[in-house]
Amino acid sequence: IQYGKDILAQQHFENDDPQTKADFYYVLANAYFENEDYQGAITNYNEAVTLYQGNAEIYRDFAIALARSGNTDKAKEMLQKAEGLGLNDSGLALAEAEIAFAQGDNATAAASFEKALKSSADSNLKQRAVLYLARAYREQGKYEKALSTIETNMPILDTVRTRNARLLSAETYLKMADMTADSDQKKNYAQKAIDLYQAAGTLQTKTTLFNLATAYQYLDDMENAQNILNQMITDYSEDPDVFARLAILEIYKQDKRNISGQDYTKFKQYYDRAEKLDRNNKTNGTSSPYILLMEDYMKELQDKNRI
């Protein structure tokens, strides 16, 4: 992204050619998009179409970025412009699917993603459709179909999208582990999630680290779960969710013990820290699901006079 910014700042475009400069903004917008910075992508797509209005693919990707940001009305407007410029059927299907997905219509989204995947000869578009289709299936609760979509199409994915596909598969297996009551199946899904996270490479995002801790928790590997959360304290020392998650893990650990051996001292320490940070950091009047779950556990313990 910084390289693209430097190019735009320093490049002297021959005869101030707007189309060439628009292409640079388009490339930069795509870089923001791949990093899931949709506002950054929107800003640069807008610059591109302000300079040059003749590229249907820019309008298509502008529409997709707008849909990802929740602005589906504006997304439809941009897609109409792309269609007016002769956008091909597969590109149209991809954008329509994204808009449907943003509106919560996962069935329509999946059908359109399937159409884009089957009809396109464009490698980049097909790769995007694979991941989007898998997400649409997952949101419908069709977990096995999401996983098979990724597995079947893995050979066509480039390095970056292979990594993203592994992360998506890991998240899907973890969701399956969340939902099953079968202890052996839960552990099986959790191990598959861990294997995929490890195959994806270095992972340091809050969501991924929380997911890894949960997977180890499902395996009853409290040591690895605790280590991951302890390491997060360094990078997320002011984040109440980290301490809430540690408190929740402590509940899980104590539940594995006989009642006579249960000790909720650490839970209370984590609870107090999370509550204090949550009060200090809260800006919109609502707490995260981790805080709310931790508070539910505290109430339960207090009702039972365990703390």
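**Helices, burial and pockets**

Modeller: Let's start where helix 8 starts: a side-chain oxygen of Asp122 comes to within 2.8 Å of the backbone nitrogen of Asn124. Keep in mind that this is a predicted model.

Biologist: What makes that Asp122 and Asn124 pair a polar contact?

Modeller: The cut-off for an N or O pair is 3.5 Å. Here the oxygen of Asp122 and the nitrogen of Asn124 are within 2.8 Å, so the pair meets that distance limit.

Biologist: How do you know that the length of helix 8 agrees with what is expected?

Modeller: Helix 8 has 17 residues, and at 1.5 Å a residue they should span 24 Å. The rule multiplies 1.5 Å by one less than the number of residues. The end C-alpha atoms of helix 8 are 25 Å apart, so the two values agree.

Biologist: Why is helix 8 called largely enclosed?

Modeller: Because 12 of its 17 residues are buried, and buried means under 20% relative accessible area. Among those buried residues are Leu125, Arg128, Tyr132 and Arg138. The cover over them includes helix 2, helix 4, helix 6, helix 7, helix 9 and helix 10.

Biologist: And what follows helix 8?

Modeller: Gly141 does, with a positive phi near 85°.

Biologist: Now helix 6. How do you know that its span agrees with its number of residues?

Modeller: Its 14 residues should span 20 Å at 1.5 Å a residue, and its end C-alpha atoms are 20 Å apart, so that agrees.

Biologist: What makes helix 6 "mostly covered"?

Modeller: Count the buried residues: 10 of the 14 in helix 6. They include Gly91, Leu94, Glu98 and Ile99. The buried residues of helix 6 pack against helix 4, helix 5, helix 7 and helix 8. After helix 6 comes Gly104, and its phi is positive too, near 85°.

Biologist: Let's try single residues. Where is Asp278, and is it buried or exposed?

Modeller: Asp278 sits in helix 15, residues 265-281. Its relative accessible area is 7%. The limit for buried is under 20%, so Asp278 counts as buried.

Biologist: Which residues does Asp278 touch, leaving out those up to four places away in sequence?

Modeller: Pro240, Ser287 and Ile291.

Biologist: Why is Tyr189 called buried?

Modeller: The reasoning is like before: Tyr189 has a relative accessible area of 13%, and the line is drawn at under 20%. So Tyr189 is buried. You'll find Tyr189 in helix 11, which runs over residues 183-200.

Biologist: What makes Tyr173 a contact of Tyr189?

Modeller: Contact means heavy atoms within 4.5 Å. Tyr173 is in the list for Tyr189, along with Glu144, Met176, Ala177 and Thr180, once neighbours within four places are set aside. Don't mix that up with C-alpha spacing: the C-alpha atoms of Tyr189 and Tyr173 are separated by 5.3 Å, and the two residues are 16 apart along the chain.

Biologist: On to the pockets. What is the volume of the largest pocket, and which residues lie nearest its centre?

Modeller: The volume is about 730 Å³. Of the 26 residues lining the largest pocket, Glu34, Glu36, Arg135, Asn164 and Leu167 lie nearest the centre. The elements giving two or more residues to this lining are helix 2, helix 6, helix 8, helix 10 and helix 12. Helix 10 gives the largest share, seven residues.

Biologist: How many residues of each class line the largest pocket?

Modeller: There are 10 nonpolar, seven polar and nine charged residues.

Biologist: And what makes up the lining of the second largest pocket?

Modeller: Eight nonpolar, two polar and two charged residues. Tyr218, Arg245, Asp255 and Leu293 are among them. Helix 12, helix 14 and helix 16 each give two or more residues to the lining of the second largest pocket, and helix 14 gives the most, with five. The volume of the second largest pocket is about 210 Å³.

Biologist: Last one: how many helices and strands does the protein have?

Modeller: It has 16 helices and zero strands. Buried residues make up 47% of its 307 residues, and the C-alpha trace spans about 80 × 40 × 35 Å along its principal axes.

How values were computed:
Residues are numbered from 1 along each chain as its sequence is written. This is a predicted model: local features need pLDDT of at least 70, side-chain atom pairs count only at pLDDT 80 or more; totals for chains, interfaces and linings use all residues. Side-chain values use heavy atoms; hydrogens and water are left out. On a 1 Å grid over the protein atoms alone, a cavity is a set of points where a 1.4 Å probe fits but cannot get out, and a pocket is an open set with protein on both sides within 12 Å along at least five of seven lines; lining residues have an atom within 4 Å of a point. Grid points are joined across faces, edges and corners, and a volume is the space filled by probe spheres set on the points. Helices (H or I, at least four residues) and strands (E, at least two) are DSSP runs, numbered from the N terminus. Ala, Val, Leu, Ile, Met, Phe, Trp, Tyr, Cys and Pro count as nonpolar, Asp, Glu, Lys and Arg as charged, and the others, Gly among them, as polar. Buried means under 20% relative accessible area, exposed over 50%, partly exposed in between (1.4 Å probe, protein chains only). A polar contact is a pair of N or O atoms within 3.5 Å; within protein, one must be able to donate a hydrogen and the other to accept it, and residues adjacent in sequence count only if both atoms are side-chain atoms.
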